[in-house]
Amino acid sequence: KAAKSLGIEPGHCLVIEDSLNGVQAAKRAGMRCTAVPTLAKSEAKYEEAGADEVLHTTLDFKPERWGLAGFSDLVAGTVPRLPPLRIAGEVVRGFGRGSKSLGIPTANLPSEKLPDILCQAANGIYVGWASVGASPKVYKMVMSIGWNPTFDDVKVKTVEPHLLHVFEDDFYDEQLRLVICGYVRPELKYTTLEALIEAINGDIRTGHAALDLAPYKALQDDPFLQPDAPQPVKVATL
């Protein structure tokens, strides 16, 4: 009925659906369908229902794949998160893989104290700005939110920023303030550490480039990044 009301052949229609029944209905009508499952780890069911593609989040949607004009507001290939997401927490010890296995140290935030962002934020890789402890200095950062699918021992969703700066000392128990500006890509499961390291280094290059551009660059001066910024701040939905 929707295609007829628009005067368009069903095969020329693209449906974006989060419901399994919606995917099945779209395919029965002869439409193409992008599925964005509401429930995690349910992708196989949507593929079986005939979805033409299954995404973890609409942030991964690529209009060009369907012959549509691409998004005009991408920043060095990243999807802007405006208004930005602002979070803060004390740095805790993680698995230690970032430094030991990957050579890319991360500053882990306590999952149990960030329920809003962990429930609401799309899993994936992001870019933004960070500051630590009593210092007002601001650094570029890339970060992951999710389950680190390359590793099998991750039991809780994590928030793991990597600050693009070489620090002489660890800063466990220091407050870490983050302003998350843009989305880079989904989390992926890699078969080798070398492939994971290559992907992270690509994310770092993206972060360096994107954060030098508007509108991200101006967020380097966000008051939230200063040590005396009011805390806590309400977490917004990604």
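**Reading contacts, sheets and cysteines**

Mentor: Leaving aside its neighbours within four places in sequence, Asp203 is in contact with Ile125, Val142, Val184 and Arg185. Please keep in mind, as we read on, that this is a predicted model.

Trainee: In which helix does Asp203 lie, and is Asp203 buried or exposed?

Mentor: Asp203 belongs to helix α6, which covers residues 193-210. A residue counts as buried under 20% relative accessible area, so Asp203, at 5%, is buried.

Trainee: How should I read a sheet, and in what order do the three strands stand here?

Mentor: Strands of a sheet pair through backbone hydrogen bonds, and the pairing may be parallel or antiparallel. In this structure three strands make an open sheet in the order β1-β2-β3, with parallel pairing. The edge strands, β1 (14-17) and β3 (53-54), each pair on one side only. Strand β2, residues 32-35, is joined to β3 by two bridges, and Thr34 stands opposite Glu53 in β3.

Trainee: Which helix lies across β1 and β2?

Mentor: That is helix α2, made of residues 20-28, and its direction is at about 165° to β2.

Trainee: How many disulfides does the structure hold, and why does Cys13 form no bond with Cys33?

Mentor: A disulfide needs two cysteine sulfur atoms within 2.5 Å, and the structure holds zero disulfides. For Cys13 the closest cysteine sulfur is that of Cys33, and because the two are 12 Å apart, they are too far for a bond. As for accessibility, Cys13 counts as buried at 10%, and Cys181 is buried with a relative accessible area of 0%.

Methods:
Residues are numbered from 1 along each chain as its sequence is written. This is a predicted model: local features need pLDDT of at least 70, side-chain atom pairs count only at pLDDT 80 or more; totals for chains, interfaces and linings use all residues. Side-chain values use heavy atoms; hydrogens and water are left out. Buried means under 20% relative accessible area, exposed over 50%, partly exposed in between (1.4 Å probe, protein chains only). Helices (H or I, at least four residues) and strands (E, at least two) are DSSP runs, numbered from the N terminus. Contact means heavy atoms within 4.5 Å. Two strands pair if DSSP finds at least two bridges between them. Axes are lines fitted to C-alpha atoms, for helices over the stretch in contact, and angles run from 0 to 180 degrees between N-to-C directions.
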